[in-house]
Amino acid sequence: MSVILNRSPSVSIVVPVFNTEQYLWQCLESLAEQSLTSIEVIVVIDASPDNAYQLAKQFAEQSNLAMRIVNLTTNVGLAQARNIGMSHAKGQYLGFVDSDDYVDNQMYSHLFNQAVANNADWVSCGFSKFSAQGVEQYAHSNISENTSVCNKLFRRSFIHQHQICFPAGELFEDEIFSYMAELYAQTILHIENPYYFYRHNANGICRKPGADKSRLYARMCSIGDFMQRMEQSELLPSAAPLCLEMLCRHAYLQLRTQVSWFDLLCYWRFTQHLIEKYQLAQSIDLVKDNYFVSSFNKWQHREWALWLIRLRAGRANYAVE
Amino acid sequence: MFNVSIIVPVYKSEQYLASCLKSLAKQTLENVEVIIVIDASPDSCAAIAGEYCLNYPERFRKIVLEKNVGVSMARNIAMQSAQGEYIGFVDSDDYVEANMFELMFSEALNSNADVVSCQMRSFETHDSSVEYHNLPTKEYYDDTFVTNKLFRRVYLLSKQINFYSNVIFEDEPFAYTARFATDNLAEVNQVLYNYRMSPEGLCRGDNHGRFNLYDKQLMLARFLADMERRGAIDAHAEELLQCLANHALSALYYHISAIDLVGFFSFVDHLVIKYQLLVRAGDCSQDYKVSRYLKFRGSAPRIILLSYFVKARQAKQKFLDNIDLANLTAQGAK
């Protein structure tokens, strides 16, 4: 039976679930084995058509983990599912785990202790991407490459105070949340240990080459929304260097997707439009050392060269995100 | 409570503001309030508005913004303090007929409508003459103005209809959303609003063609996402498809490169596919705009050729107009 804690837990973990029954058990087990004991887990079943709900219930009965299951009857998407999970959270700090991933058993005690000791608004750790082919480790401290919310722990009062939430939409929900958190924070801490294990699914829906074109255009829509959100929250003048990094990074990463040269041009020109519209070019000196910014700046007016760069980048065969 | 709140956002229009406000002062409907929003206009607009507030304190009031927020936000800000049963919008370089709001309001009451529309005409002042043209408002995609309409205030509030901030063509999504969310629409079949065509207007400058086109992408993406959120797509897929087709075809007239033009078509295509408008709209092949769009959408060379064709036709028309004008002037001189 799930344990009901007398006082508010140190950490609340929100786990949105959709079509991941084969991985859910491993995910929940890794949370039950945390060395930090004052922890609550909020599982949000996002109208998952598989047996995830029964599985989660069964796990809750067997384990000592303080666990709450929110069973949604209509599918609301990852962003909204996390928002709903957040609204149930009682912990001093707040974390997110995706239901096909798992975490190291030291993760939350280390992050929580460091956060409390330094009175940090949020703390992040490194992460590993694993797949059938093997494991790769990452430890980014630059926010434009450290945009996942899963390898982080946020002070709940901080999130609440600045009304940071996940915007509904299909892309960038993590990025927007992380950027908001970055821009409002006074104290941030990075720990290098790769505590979070991120499942890299080479055959997942996201990776089908035919879907790249529609993702490219969807990305234009989402990135436009992102910029508008930045402007509305009045973060923009100070966030301009970050936004510039982000826009350039996304433009550059599109070189590695399976879209036509023409679609790519459209994306680059759209990026130019956003840079012009939000007057981001003024901040270019602050981030000119950034690889993506300098590359974008160098190639944006030599569009024919994109074709060549794309060939080369295609061979390098990087992961897109 | 006022019958109607008229919202006038003002930015750099000192030449025209007085004639606009004068036409509002002359309104035959008595119980109206005019809210003038001075959007940090650097010219003498605030002083002109101040005069009207002084002379007609029971009708005119102004909100002065210290920071320029753009026409959309200026209207949103005024809407928050509006108290009328209905809300109308007038642009500060236009003017309206004296009976406009009386006719519109009584039609609104008669038919208990949430949105009432009237006809509009454009005017262009030449040296000594004024040229008027009635603006098409028959089709949804033509009638994208908010200035020829009255909106019930509680209706806008309950449906949370606001102007999108900082994006071009802010009227269009507002006008569509307001009409899609209700069945209580009414019309006054008279020309009551006069819309100034300015040769140096922002939308017509060639330098802005490309910027506007990309900004339009932002607007359309937000608009369709908003429609989806409101669950309005199924009922209005046909109008939305016409709207997108119309935007794609109007891009043919922009002074932009072929890549930007074809790119815009591809972006519109993305929206049509993403929201499954062709499936949801059913058979639209009878519609002129939609059928033209469907014919050209898939082929970049045809889109580019078509754009040369429409521009050539436009140039020819302009040439003929100039000859007519020269003949008229010559006759006048005799």
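This passage describes the confidence of a predicted model, the fold of its chain A and a helix contact between chains A and B. Residues are numbered from 1 along each chain as its sequence is written, and chains are lettered from A and ligands numbered from 1 in the order in which they are written. Because the model is predicted, local features need pLDDT of at least 70 and side-chain atom pairs count only at pLDDT 80 or more, whereas totals for chains, interfaces and linings use all residues.

The model scores ipTM 0.79 and pTM 0.82. In chain B, pLDDT (the predictor's confidence in each residue, from 0 to 100) averages 90, and 96% of the residues score at least 70.

Chain A contains 11 helices and 9 strands, these being DSSP runs numbered from the N terminus, with helices (H or I) of at least four residues and strands (E) of at least two. The C-alpha trace of chain A spans about 65 × 40 × 35 Å along its principal axes. Of the 321 residues in chain A, 42% are buried, that is, they have 20 or more other C-beta atoms, placed from the backbone, within 10 Å of their own.

Between the chains, helix 7 (residues 212-232) of chain A packs against helix 7 (residues 209-229) of chain B at an angle of about 95°, with the axes 9 Å apart; axes are lines fitted to C-alpha atoms over the stretch in contact, and angles run from 0 to 180 degrees between N-to-C directions. The two helices are therefore roughly perpendicular to each other, a term covering angles of 65 to 115 degrees.

Terms used: A residue is buried if 20 or more other C-beta atoms lie within 10 Å of its own, exposed if 12 or fewer, and partly exposed in between; C-beta atoms are placed from the backbone. Angles under 35 degrees count as roughly parallel, over 145 as roughly antiparallel, 65 to 115 as roughly perpendicular and the rest as oblique.
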